[in-house]
Amino acid sequence: MTLIPVDLDDDVVYIGSNRNFICRKVYGYLPAGGFQIRRIGDDGEIAMTLKNTVVFLEIGTTWKEIKRMLDNDDKDPATWECPICCEIPERKVLSTCGTCNNELCMKCFILGFEKTRGTIQCPWCRELVTDKKLTDEDLAFACWQMRETHRIPHPA
């Protein structure tokens, strides 16, 4: 599960000229001594070495996306964000893929279920949750029932 703390700077985009700002954010986000930051070339790209891996920060990446790349699983569960809609669910109601154990909020699961007419695929491993075709009535009832069960507002 990816847990990311909410930050006022989440929408800041790395553009090269704000490299020092992004580096300070990384230093505040990761534990001291657990990583190295190196500049690569003149275009502003940064490479970081952490936990025996190299992460490249490309121009145009937001701070929220950078946090996702750097994230580890020991963050506060109260700040969990759905990796699909990037929102913190009002109620911690999640759907978990039985194959890869990744989680998304029920709101995104229900929307995906509706859009694929009941043949939803896991967004990570692409495993089909079901391949059963539903009639319009069955699909509407299943989505209504999931929204009622999980107290998720019906679309207007």
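Where does D9 lie relative to α1 (19–29)? D9 lies in the segment before that helix, and this predicted model gives a handful of other spots to look at too.

**View 1. The whole chain, for orientation.** Here's the predicted model from end to end. Its secondary structure comes to 4 helices and 5 strands, and reading along the sequence gives the pattern α-β-β-β-α-β-β-α-α. The chain has 156 residues, 36% of which count as buried. Take the contacts between residues at least 6 apart in sequence: 43% of these join residues at least 24 apart. About 9,800 Å² of the chain is exposed, with carbon and sulfur atoms supplying 52% of that area.

**View 2. D9 and the residues it touches.** D9 belongs to the segment before α1. Setting aside residues up to four places away in sequence, D9 touches F21, K25 and W63. I22 is also worth picking out: D9 and I22 are 13 residues apart along the chain, and their C-alpha atoms are separated by 9.9 Å. Is D9 buried, partly exposed or exposed? D9 counts as partly exposed, because its relative accessibility is 24% and the buried class stops under 20%.

**View 3. T62 in the loop between β3 and α2.** T62 sits in the loop that runs between β3 and α2. Its relative accessibility is 18%, so T62 counts as buried. Which residues is T62 in contact with, leaving aside its neighbours within four places in sequence? They are D10, D11, V12 and V13.

**View 4. The buried side of α2.** Helix α2 spans residues 63–70. Its buried residues are W63, K64, I66, K67 and L70. Why do they fall on the same side of α2? Because they cover an arc of only 160° around the axis. As a reminder, an α-helix has 3.6 residues a turn, so residues three or four places apart point the same way. W63 also turned up in View 2, as one of the residues touched by D9.

**View 5. A nonpolar patch on the surface.** V13, I15 and I59 make a nonpolar surface patch of about 240 Å². I59 lies in the loop between β3 (53–57) and α2 (63–70). With a relative accessible area of 43%, I59 is partly exposed. V13 is a familiar name here, being one of the residues in contact with T62.

**View 6. Cysteines without a disulfide.** How many disulfides does the structure hold? The count is 0. C85 is in no disulfide, and its nearest cysteine sulfur, that of C108, is 3.7 Å away. C108 is in no disulfide either; for C108 the nearest cysteine sulfur belongs to C105, at 3.6 Å. Neither distance makes a disulfide, because the cut-off is a pair of cysteine sulfur atoms within 2.5 Å. As for cover, C85 is partly exposed with a relative accessible area of 23%, whereas C108 is buried with a relative accessible area of 11%.

**View 7. D138 on helix α4.** D138 lies in helix α4, which takes in residues 136–150. Its relative accessibility is 44%, so D138 counts as partly exposed. How many residues apart in sequence are D138 and G118? They are 20 residues apart, and in space the C-alpha to C-alpha distance is 9.3 Å.

Technical notes: Residues are numbered from 1 along each chain as its sequence is written. This is a predicted model: local features need pLDDT of at least 70, side-chain atom pairs count only at pLDDT 80 or more; totals for chains, interfaces and linings use all residues. Side-chain values use heavy atoms; hydrogens and water are left out. Helices (H or I, at least four residues) and strands (E, at least two) are DSSP runs, numbered from the N terminus. Buried means under 20% relative accessible area, exposed over 50%, partly exposed in between (1.4 Å probe, protein chains only). Patches are made of residues with over 30% relative accessible area and no salt bridge: like charges are joined within 9 Å, nonpolar side chains (Val, Leu, Ile, Met, Phe, Trp, Tyr) within 5 Å. Accessible areas come from the Shrake-Rupley method with a 1.4 Å probe; for residues, only the protein chains shown count as cover. A salt bridge is a side-chain nitrogen of Lys or Arg within 4 Å of a carboxyl oxygen of Asp or Glu. The arc is that of the directions from the helix axis to the C-beta atoms. Contact means heavy atoms within 4.5 Å.
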